[in-house]
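With the model open in your viewer, follow the stops below in order, making each selection before reading on.

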Amino acid sequence: MLNWSSRADCNLQSLIWFQRVFKVFLESLNTGSEIMTVSENIIEIKHLSKYYGHARGVEDVSLSVKQGEFFGFIGPNGAGKSTTIRILLNLIFPTSGSAKIFGLDIVKDSKQIRSRLAYVPSDANLYDTMRVHEFLRFGAAFYGGNKSEDRIRELAGLMELDLDRRIPELSTGNKKKVNIIQALVHHADLLVLDEPTTGLDPLIQSRLFNLLAEENKRGVTIFFSSHVLSEVQALCRRVAIVKDGRIIKSDEITALRDKQLKKVRVLFSDESPRQELNIKGIESFQAESAKSIVFMFSGDINELIQRLSVLRIENLSIEEPPLEEIFLHYYR
Amino acid sequence: MNRILFHMEFRRNARSLILWSVIICALIFFTMSLFRSVLEYQQQIMGMVKLVPMAAMKARGFGNINDIFSGLGFYAANNIVYMMLLGSIYSMVLTSNILLKEEYNKTAEFLMSRPISRGEIFATKSALAFLNVVFLNIIACLVSFISLEVFKSGDFRIQPFMVLTLYTFLLNLLFGALGLLVAGLIRRARPVTFFCVGLVLVLYFLFTISRLSGVKGYFGYVSPFKWVNVEVLNPSYSAEFWRIFLFLALTFLLVLLSGFLYRKKDILT
């Protein structure tokens with residue numbers, strides 16, 4: 001009995017060992033999932049630059065986006081948002097630096113990357129010779145989209161889009177809806193949206209946000225580029241701010257608002273004593289009146305309180321600035 | 001090659017292919033239908049033709065006055081204008097625009113964000129353009145043969161006819177490859193139709209000038225039109241290896257170079 005038990009134990013050990021070897025073998029076959037377990041970053045950009053001759057596209061851009069993240073990419077027009085996205089999709093080639101999506105190189109493995117990615121371009125036309133449903137079927141066919149018919153109808157219903165209309169008859173907003181639907185039809189692991197709300201009315205915008213939130217809940221990583229701060233604030237957890245082709249700040253939205261910048265407004269009993277407030281971290285200083293000042297503060301709050309405590313103050317407010325003000329602060 | 005893109009491009013280009021085929025075939029058939037009348041009024045035409053400068057005759061494709069009165073000679077002269085010139089314009093405009101229109105119509109971002117490589121896009125579009133050029137040449141060859149059979153005055157040799165058809169096809173292919181190169185080189189998203197038509201016309205003009213210059217016209221070899229032997233009435237007329245090799249080798253190299261450039265180029269916006 002003991003002998004049988006030890007043999008069974010030995011067999012069980014062998015089985016477990018074999019199972020482990022087999023698992024490693026299977027993982028090595030599925031390179032994509034192996035990479036995902038090694039690195040949690042879906043997007044990883046390192047020192048990416050793009051020049052058009054002497055003209056700057058983007059300079060030394062580095063950032064990473066984690067799996068399942070809703071990432072905001074904000075900056076005004078011409079800051080380099082679309083250029084960065086186009087490099088990521090290998091529509092244009094980087095001058096220097098590198099980037100990986102799903103752990104794969106954006107230049108060498110672009111086809112493989114695009115099979116798991118969906119993209120809503122900021123300003124892209126559709127094929128004029130087609131009707132909406134033809135265009136959407138054509139787009140889905142590249143992903144083996146035979147089963148996409150129901151999804152197309154569901155999304156078209158939600159976005160209030162007539163599938164039988166000819167493409168040239170569509171307004172800018174409706175063309176945008178087609179672009180959004182074509183991206184959402186196949187269930188991608190990463191959604192890249194470049195100014196997706198341009199031309200959409202508020203009702204459809206809110207439906208789009210709900211759709212994106214659902215996709216994100218499903219585990220889809222979302223890279224959301226926009227210059228509309230309110231939508232980024234409402235949707236994204238983390239954000240990168242782009243200015244003149246460079247990333248000037250990348251952080252959690254809450255961190256941008258809570259930890260770093262405070263909007264301070266002080267109403268003095270007498271005239272505002274500027275010199276006493278000469279402490280590190282005061283930026284965007286403005287005198288609202290002879291007695292009142294307002295500024296952004298990113299230094300040590302204790303030091304500020306200490307300084308203010310020796311002055312005669314009528315009113316003091318320290319608040320989280322809205323994202324717009326943080327944004328403007330970085331742009332000054 | 002990508003089946004989905006090929007199917008879409010086929011439908012997208014079918015109308016233009018049919019239009020060009022109908023126009024060229026109608027021109028060939030209509031012009032050949034005049035051959036009987038040319039023979040009927042041979043004397044009067046001889047008198048008239050003597051008044052026309054030889055330069056104008058050669059520009060129209062007739063190397064010799066007597067070419068007009070031979071079915072094959074008459075056909076060859078028309079073939080220079082209809083298939084060699086117009087066919088080459090069609091090929092070059094088709095191949096350059098089939099690649100560039102994605103960019104100037106701003107559909108490139110949509111197409112290139114699909115799981116399809118640039119190499120596949122290039123191969124698929126080039127293959128479709130190649131098939132269109134093949135189709136145009138086959139249909140023009142059939143219509144030419146039928147019209148020669150219908151309007152001939154006596155028997156004509158089929159071998160020179162087939163050799164000229166082969167040369168014409170190779171010339172069209174070469175201009176097609178040149179169109180691909182233009183698409184690979186261009187750095188602004190805009191149609192290049194006028195440039196392509198202009199280039200073909202300039203090269204055709206060079207060929208015509210060189211025909212007028214006789215022995216001194218070697219500079220004409222700069223133009224691929226000159227590489228086609230159009231002297232179909234010459235008894236020793238046959239397919240020459242160097243000409244076929246030159247066309248095929250250059251076409252192959254141009255396609256290779258264009259593919260390389262296309263794969264390495266930023267999309268134009």
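Begin by selecting strand E1 (residues 41-52) of chain A, where A:His47 is found; keep in mind throughout that this is a predicted model. A:His47 is not a glycine, yet its phi is positive, near 50 degrees. Is A:His47 buried, exposed or partly exposed? With 13 other C-beta atoms within 10 Å, A:His47 is partly exposed, because a residue has to have 20 or more such neighbours to be called buried and 12 or fewer to be called exposed.

Keep that strand selected and add its neighbours in the sheet. The strands of chain A in this open sheet of four follow the order E2-E1-E4-E5, and their pairing is antiparallel. At the edges lie strand E2 (55-66) and strand E5 (104-105) of chain A, each of which pairs on one side only. Between E1(A) and E4(A), which pair in the antiparallel sense, there are five bridges, and if you pick A:Lys46 you will find its bridge partner in E4(A), A:Ser98.

Now select A:Asn90, which sits in the loop between helix H3 (81-88) and strand E4 (96-101) of chain A. Here too phi is positive in a residue that is not a glycine, with a value of about 60 degrees for A:Asn90. A:Asn90 is buried, having 25 other C-beta atoms within 10 Å.

Next, step back and colour chain A by its domains, which the assignment gives as domain 1 (2-37), domain 2 (38-254) and domain 3 (261-331). How far apart are the centres of domain 2 and domain 3 of chain A? Taken over C-alpha atoms, these centres of domain 2 and domain 3 are separated by 39 Å. Chain A as a whole contains 12 helices and 14 strands, and 34% of its 332 residues are buried. Among the contacts in chain A that link residues at least 6 apart in sequence, 69% are between residues at least 24 apart.

Select A:Ile181, A:Phe223 and A:Phe224 together, since these touch the most other members of the largest nonpolar core, a set of 142 residues. The element that gives the most to this core is helix H5 (residues 71-104) of chain B, with 17 residues. Domain 2 (38-254) and domain 3 (261-331) of chain A both give residues to the core as well, so the core lies between them. Zoom in on A:Phe223 and, leaving aside neighbours within four places in sequence, look for its contacts, among them A:Ile43, A:Val65, A:Phe71 and A:Leu190.

Move on to strand E11 (residues 262-268) and strand E13 (residues 292-297) of chain A, which run antiparallel and are joined by six bridges. One residue to pick here is A:Val266, whose bridge partner in E13(A) is A:Ile293. Strand E12 (residues 282-287) of chain A also runs antiparallel to E13(A), through four bridges, and A:Gln286 has A:Val294 in E13(A) as its bridge partner. To see how E12(A) leads into E13(A), trace the hairpin of four residues that joins them.

For the last stop, show both chains and select the contact between them, to which chain B gives 16 residues and chain A gives 18 residues. On the side of chain B that touches chain A, the elements giving two or more residues are helix H1 (3-33) and helix H6 (108-112) of chain B. Coloured by class, that side of chain B shows seven nonpolar, four polar and five charged residues.

Technical notes. Residues are numbered from 1 along each chain as its sequence is written. Chains are lettered from A and ligands numbered from 1 in the order in which they are written. This is a predicted model: local features need pLDDT of at least 70, side-chain atom pairs count only at pLDDT 80 or more; totals for chains, interfaces and linings use all residues. Two residues are in contact if their C-beta atoms, placed from the backbone, lie within 7 Å. Ala, Val, Leu, Ile, Met, Phe, Trp, Tyr, Cys and Pro count as nonpolar, Asp, Glu, Lys and Arg as charged, and the others, Gly among them, as polar. A nonpolar core is a set of buried Ala, Val, Leu, Ile, Met, Phe, Trp, Tyr and Cys residues joined through C-beta atoms within 7 Å. Domain bounds come from an automatic or database domain assignment. Two strands pair if DSSP finds at least two bridges between them.
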